[in-house]
Amino acid sequence: MQADQYYFTFGRYLKQTWGRKIRKLSLHGSFTCPNRDGTLGRGGCTFCNVSSFVDEQANGQKISVQLEQRRRELTRKADAYLAYFQAYTSTYGEVEQLRRLYNAALQEQDVIGLSVGTRPDCVPDEVLQLLASYQQQGQEVWLELGLQTAHTNTLKRINRGHDFSAYADAVKRARVLGLKVCCHLIMGLPGETQSHAEQSLEQVLEAGVDGLKLHPLHIVTGSTMAKAWQAGRQPVIGLDEYADTAAQLIRMTPADVVFHRISAHARPPTLLAPDWCQDKWLAPRHILQRLSEQGAQGSLTSSPYQPQ
C-alpha cells in the first residue's frame with residue numbers, strides 16, 4: 001500500500017519541487033533549550049529526552065563530519081539532501097552563530113536546503129529573516145515548530161513553557177516572509193483524547209500551515225513522564241487509538257498540506273512504552289488501511305487529495 005496514494009508525502013513534495021530524490025540528514029548544532037538552561041525552566045518538557053531521537057555523540061562535531069556520517073548510515077541513498085537541525089532548539093543562539101552553522105551545512109555540494117526544528121517562542125524576526133534569505137537564494141527551507149498541542153492546560157501540564165498564541169505569532173511572522181512552516185503534533189498527551197487532537201489541528205490550520213508531523217507520545221528513559229508511567233499514573237496511547245486519530249486528522253487536512261511524517265518510533269532501552277512504537281512501519285500501515293477504507297487526505301474538506 002503506497003502512502004502517496006492516500007496523502008501528500010514529504011518525499012512526493014520534494015520530488016515534485018526538485019525533480020529528484022532528496023532525503024534529510026539529522027544534525028546536532030550543540031544548542032540547548034530555554035526550558036532547560038533556566039531561562040524558562042529546568043528539566044525540559046515532561047516527555048522529552050533528546051537522546052531518544054538524536055545522536056548525542058554528534059554534539060560538538062563539525063557539521064561536515066556529521067553530514068558525512070549521516071550519509072554513510074543511509075541504507076537508501078539520495079540525489080541530494082536537506083540539512084535537518086533537529087536537536088534541542090535549533091534557533092536558540094545569536095544570529096551570527098546560527099549563520100555559521102547553517103552556512104557550514106549549505107556549503108556541501110549535495111545539500112540543497114535546511115529544515116530547522118525549534119520552539120515557537122524562539123524565532124525572533126532576525127532569525128526568520130536569516131532563514132528567509134536562504135530561501136530567496138533558491139534553497140529549500142522549512143521552519144519546524146514543535147507545538148505538540150494547542151490546548152493551554154496540556155501545554156502547562158507538560159511544562160512546555162509557551163501557549164498557542166506564541167505559536168500563532170511565530171507562524172504569522174514566518175509566513176509574511178514566505179517561509180514554509182511545519183507543525184509538530186503529539187497524540188496521547190496526558191488528559192487528551194481524539195477530540196483534543198482534532199481541535200488542535202483546526203487551530204493550526206486556521207493559523208496557516210504548510211506541513212505537519214504527527215507522532216504518538218513516547219515514554220522514554222530520562223524524561224519526567226517516565227517516572228509517572230513507572231508509578232502507573234501515565235497511560236499510553238494504543239496502536240488502534242493512534243491510528244484512528246492520525247487517520248482522522250489526515251482526512252481533515254486540505255490536500256496541499258505536506259505530511260512530513262505520520263508516526264514515529266524509538267527502541268529500547270530508550271523506549272519504555274508503548275511497545276508498538278518499536279516497529280517503524282506498524283502505525284503507518286494501520287493508518288493507511290484506515291485511509292483506504294474511510295477516505296484519503298482532505299476527504300473531510302472541500303479539497304480532497306488526488307494521487308498522481
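1. His260 is found in strand β8 of this predicted model, and with a relative accessibility of 12% this histidine counts as buried, because the cut-off for that word is under 20%. Leaving aside residues up to four places away in sequence, His260 touches Phe10, Lys24, Trp142, Glu144, Cys182, Gly211, Leu212 and Lys213. Two of these names, Phe10 and Trp142, come up again below, where the aromatic rings are discussed.

2. The strand that carries His260 is β8, and β8 belongs to an open sheet of seven strands, whose order is β1-β2-β3-β4-β5-β6-β8 and whose pairing is parallel. At the edges of the sheet stand β1 (22-27) and β8 (258-261), each of which has a single partner strand, so one side of each is left without a neighbour in the sheet. From one strand to the next the twist averages 25°, which a student may follow by eye when turning the model.

3. At one edge of the sheet, β1 runs parallel to strand β2 (residues 80-85), and the two are joined by six bridges. To find a particular place in this pairing, one may look for Leu25, whose bridge partner in β2 is Ala83.

4. Which strands does helix α1 lie across? Helix α1 (residues 10-18) lies across β1, β2, β3, β4 (140-148), β5 (180-187) and β8, and runs at about 160° to β4. Helix α6 also packs on the sheet, where α6 touches β4 and β5, and the direction of α6 makes about 170° with that of β4.

5. The aromatic side chains deserve a separate look, since a pair of aromatic rings is described by the distance of the centres and the angle of the planes. The structure holds nine aromatic pairs, and one of them is formed by Phe10 and Tyr13, which are stacked, with 6.0 Å from centre to centre and 10° between the planes. Both residues lie in helix α1, three residues apart, or about one turn of the helix, and both Phe10 and Tyr13 are buried. Another pair, Tyr102 with Tyr134, is edge-to-face, with 6.3 Å from centre to centre and 75° between the planes. Tyr102 lies in helix α3 and Tyr134 in helix α4, so this pair ties together parts that are 32 residues apart in sequence; both Tyr102 and Tyr134 are buried. Ring pairs also link Phe8, Phe10, Tyr13 and Trp142 into a cluster.

6. Which residues have the most contacts inside the largest nonpolar core? They are Tyr102, Leu114 and Tyr167, in a core of 71 residues, to which helix α9 (residues 239-252) gives the most, with eight residues. Tyr167 touches Pro120, Leu145, Leu147, Val181, Cys183, Val204, Ala207 and Val209, when residues up to four places away in sequence are not counted. Apart from the largest core lies another one, of 13 residues, among them Ile22, Ile112, Trp142 and Ala255.

7. Turning to charge, side chains of opposite charge can pair when their charged atoms come close. The structure holds 16 salt bridges, including one between Asp110 and Arg71, where the closest N and O atoms are 2.7 Å apart. This pair links distant parts of the chain, 39 residues apart, since Asp110 lies in the loop between α3 (95-106) and β3 (111-118), while Arg71 lies in helix α2 (residues 63-73). Are the two partners buried or partly exposed? Asp110, at 22% relative accessibility, counts as partly exposed, whereas Arg71, at 13%, counts as buried.

8. A further salt bridge is formed by Asp125 and Arg173, whose closest N and O atoms are 2.7 Å apart. Asp125 lies in helix α4 (residues 125-136) and Arg173 in helix α6 (residues 164-176), so the pair ties together parts that are 48 residues apart in sequence. Asp125, with a relative accessible area of 36%, is partly exposed, and Arg173, at 22% relative accessibility, also counts as partly exposed.

9. The side chains of Arg285 and Asp279 meet in a salt bridge as well, at 3.8 Å from N to O. Arg285 is partly exposed, with a relative accessible area of 46%, and Asp279 is partly exposed too, with 33%. Finally, salt bridges that share partners join Glu68, Arg71, Arg72, Glu108 and Asp110 into one network.

Conventions. Residues are numbered from 1 along each chain as its sequence is written. This is a predicted model: local features need pLDDT of at least 70, side-chain atom pairs count only at pLDDT 80 or more; totals for chains, interfaces and linings use all residues. Side-chain values use heavy atoms; hydrogens and water are left out. A salt bridge is a side-chain nitrogen of Lys or Arg within 4 Å of a carboxyl oxygen of Asp or Glu. Helices (H or I, at least four residues) and strands (E, at least two) are DSSP runs, numbered from the N terminus. Buried means under 20% relative accessible area, exposed over 50%, partly exposed in between (1.4 Å probe, protein chains only). A nonpolar core is a set of buried Ala, Val, Leu, Ile, Met, Phe, Trp, Tyr and Cys residues joined through side-chain atoms within 4.5 Å. Contact means heavy atoms within 4.5 Å. Two strands pair if DSSP finds at least two bridges between them. Axes are lines fitted to C-alpha atoms, for helices over the stretch in contact, and angles run from 0 to 180 degrees between N-to-C directions. Rings of Phe, Tyr and Trp (its six-membered ring) pair if their centres lie within 6.5 Å; planes under 30 degrees apart count as stacked, over 60 as edge-to-face and the rest as tilted.
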